[in-house]
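User: Please go through the terms used to describe this model and justify each one. I should like every value set against its criterion.

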Amino acid sequence: MSVEKREARQPWILLSPALTAVTLLLFVPLLFILVYSFWLRTATGADVAGFYLDNWQEALTDPFYRDILISTLRIAAITTVACAVMGYPSAYFIARSQGNKAVLLLLLMLPFWISYIIRTMSWINILGVSGALNSALMALGIISEPIQMLYNEVTVILGLVHFLLPFMILNIFVSLDGIDTNLENAANSLGATKWQAFLQVTLPLSLPGLAAGGLLCFVLGAGTYITPLVLGGPRDAMFANLVFEAIITQLNWPLGSALSLMLLAVLGALVMIYNRYLGMAQLMKGLG
Amino acid sequence: MNFHPESAPVSSVTLNNIVKRFGTFTAVHKANLEIPEGAFVTLLGPSGCGKTTNLRMIAGLLDPSEGEILIGGKRVNEVPIHKRNLGIVFQNYALFPHKTVAENIAFGLKYRSVPKSDVARRVQEALDLVQLPDVGHRYPKELSGGQQQRIALARAIVIEPEVLLLDEPLSALDANLREDMRVELKRIQSKIGVTTVFVTHDQSEALAMSDKIVVMSAGRIEQVGTPEEVYNTPASEFVANFLGASNILAGGCASKDANAALLDVPLFGSVLVPADKAPAVNAGDAAKLVLRAEKLVLKAPGSDTTGMVTAEAVVETVDYQGQTVRYFLRVGDTQLQAINMIDGRPFAEGQTVTAAFRPQDCAALAGA
């Protein structure tokens, strides 16, 4: 075999374990889902194989699904903005701290050591009727009866921010950490105040990290079903809860498949737009 | 091309007893320095000597722990960097990568209420001055290192700074470009006449460009003088060795008068050093002879050495460098260094030669 041929084959050999896993565990099941979405669910509860557009028609025309899709995107957007506003100062602080950067990053990773579900449920102990906050307010005599603070859209967003903030901070941090501190010094020397230098130099140069963090938060936030399940009320279902409901509760795989592909298409389109303008490389940097 | 040097204010810079500590480490010990208006002054020393710390304190990027910094006679310790009106060129240029060259240069003008109509003209004048008139629309990454260097300089001087601070601006360039930029930088500086503080560890840059050189070592100023002064009359063994290579021979001063000091050194015996090159030496005290490697000449035995001090030596190592050759010689128990122009063929290792120098080329330091 020639050297060229051997060199051309090498990347494929190295990639093959990952490609095999992705193919078997992601693409093949996704193909099943696609096939399922065209099956027909009969009134008796049996699935009829074939090519029926009924599920797609229901998913795309029923205003119930449309409204929940819109509210899902709205909740994801609010969460993303909240993460950006809260995450940027933290990321800036970590990136500019001398010496103890590694410790701060470790602290940032610490929540990942506890299950996401446990972290979400911990809010029940804080905000619940007999939770820490109600007990404290009653002990202080500010309220006489506990207030129901849980199970609404605000607590869902709270839970999502809690879950997604580290992703945002990490992405912004990577971006800020790569910016030469002399750039701000140079801007200062030319007459810009610290704030002006930040707006003119640091902020624009960190936008790729902010965008990457934003994309991650949005996609993960829009795709979640655990947070609304644990912290939301009956009217706070997000789109993934509908999929969960259709498949797990009603065992209606054809409709669940169509709904999940719909969500995948919407979020996929967002990723494409991001990739078109900013490129995936930045996202990879943030994840690495 | 006219850069209106008449409109730029020119200021002196003074350091009064400046001390800078980082935790328990003292980076600068009691630095005192007077930089006159319009001068080109170089802070020269090895890395970690405190030269960049000094520059950053003048810039306002660091606050001195003690002492006072004056620019144009006014104390600036409390003046933040953006109000000091200084031009700084950083080692890595620090051009804004998301702005075009023209936007980079115009950056400082935005904060100086320059009328919009004047901004474009002044940016173009700055580009002309650094001889890159046509790159305004490009981004920094599209330029070579040398071009980025020029743009960084243009950005620093377009604001007509009172003082220009250069932090090792040439060290990222390759050797040939470095020499071109050295000439170019000096040309631009003399043209606009701005007071300039230049930081470098490269002695040849310092010698070629400066009106005055401040040699620093371990946080202390070792010597301040013109390039000729620090080169020919080093004030310490450190200076003698940092600026070129020197042989230091410990001995004593037998006598001294207004014209000359008579030093007694091993290997060579009595050497009559001119008094102006032995300012700190006193008769009867210990003294050291500073013999520059390029003043120590190798000659074939029996050559004419009238007026020179000589000793017999054996060539130990020959380090051929093209135009010059560096020899390590053994004279008695001592190894000496000599850098000679090549005249015909260099001497070979193991050869016995006469090592000779003219006593008036030497300097003397006090102490053992």
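User: In what order do the five strands of the open sheet that includes β15 of chain B lie, and what is the sense of their pairing?

Analyst: The order is β15-β19-β16-β17-β18 in chain B, and the pairing is antiparallel. This is a predicted model, in which local features need pLDDT of at least 70 and side-chain atom pairs count only at pLDDT 80 or more, while totals for chains, interfaces and linings use all residues. Residues are numbered from 1 along each chain as its sequence is written, and chains are lettered from A, with ligands numbered from 1, in the order in which they are written. Strands (E, at least two residues) and helices (H or I, at least four) are DSSP runs numbered from the N terminus.

User: What makes β15(B) and β18(B) edge strands?

Analyst: β15 (297-299) and β18 (334-341) of chain B each pair on one side only. Between neighbouring strands of this sheet the average turn is 45°, direction ignored.

User: How do you know that β17(B) and β18(B) are paired?

Analyst: Two strands pair if DSSP finds at least two bridges between them. Strand β17 (residues 324-331) of chain B is joined to β18(B) by eight bridges and runs antiparallel to it, so the criterion is met. Within this pair, Leu329(B) stands opposite Leu336(B).

User: Why are β13(B) and β20(B) said to stand at the edges of their sheet?

Analyst: The order of that open sheet of five strands is β13-β12-β11-β14-β20 in chain B, with antiparallel pairing. β13 (269-274) and β20 (363-366) each have a single partner strand, so one side of each is left without a neighbour in the sheet. Neighbouring strands here are turned by 40° against each other on average, direction ignored. At one edge, β12 (residues 260-265) pairs with β13(B) over six antiparallel bridges, and Val265(B) stands opposite Gly269(B). Three residues lie between the strands of this hairpin, among them Leu267(B), with a positive phi near 75°. At the other edge, β14 (residues 286-292) pairs with β20(B) over four antiparallel bridges, with Ala287(B) opposite Ala366(B).

User: In which sense does β9(B) pair with β3(B), and in which with β10(B)?

Analyst: β3(B) and strand β9 (residues 212-217) pair in the parallel sense over four bridges, with Leu43(B) opposite Val214(B). Five bridges join β9(B) to strand β10 (residues 220-225), and these two run antiparallel. Val214(B) has Val224(B) as its bridge partner in β10(B). β9(B) and β10(B) form a hairpin with two residues between them, and Ala218(B) in the turn has a positive phi of about 45°.

User: Why is α3(A) called oblique to α7(A)?

Analyst: Helix α3 (residues 63-96) and helix α7 (residues 153-177) of chain A pack at about 40°, with their axes 6 Å apart. Axes are lines fitted to C-alpha atoms, for helices over the stretch in contact, and angles run from 0 to 180 degrees between N-to-C directions. Angles under 35 degrees count as roughly parallel, over 145 as roughly antiparallel, 65 to 115 as roughly perpendicular and the rest as oblique. The angle of about 40° therefore makes α3(A) oblique to α7(A). The crossing is right-handed; that is, the near helix is turned clockwise from the far one by less than a right angle, whereas anticlockwise would be left-handed.

User: What makes α7(A) roughly antiparallel to α9(A)?

Analyst: The axes of α7(A) and helix α9 (residues 194-222) come within 8 Å and cross at roughly 160°, which makes the helices roughly antiparallel. Their crossing is right-handed. The contact includes Leu160(A) and Phe167(A) in α7(A), and Leu216(A) and Gly221(A) in α9(A).

User: How many residues does each chain contribute to the contact between chains A and B?

Analyst: 16 residues of chain B are in contact with 15 residues of chain A, where contact requires C-beta atoms, placed from the backbone, to lie within 7 Å. On the chain B side, β6 (86-89) and α2 (101-110) each give two or more residues.

User: Which element of chain A has the lowest mean pLDDT?

Analyst: Helix α13 (residues 280-287) of chain A has the lowest, 56, and α3(A) the highest, 96. pLDDT is the predictor's confidence in each residue, from 0 to 100. Where pLDDT is low, the predicted coordinates should not be read in detail. In chain B, residues 1-6 stay under 50.

Conventions. Two residues are in contact if their C-beta atoms, placed from the backbone, lie within 7 Å.
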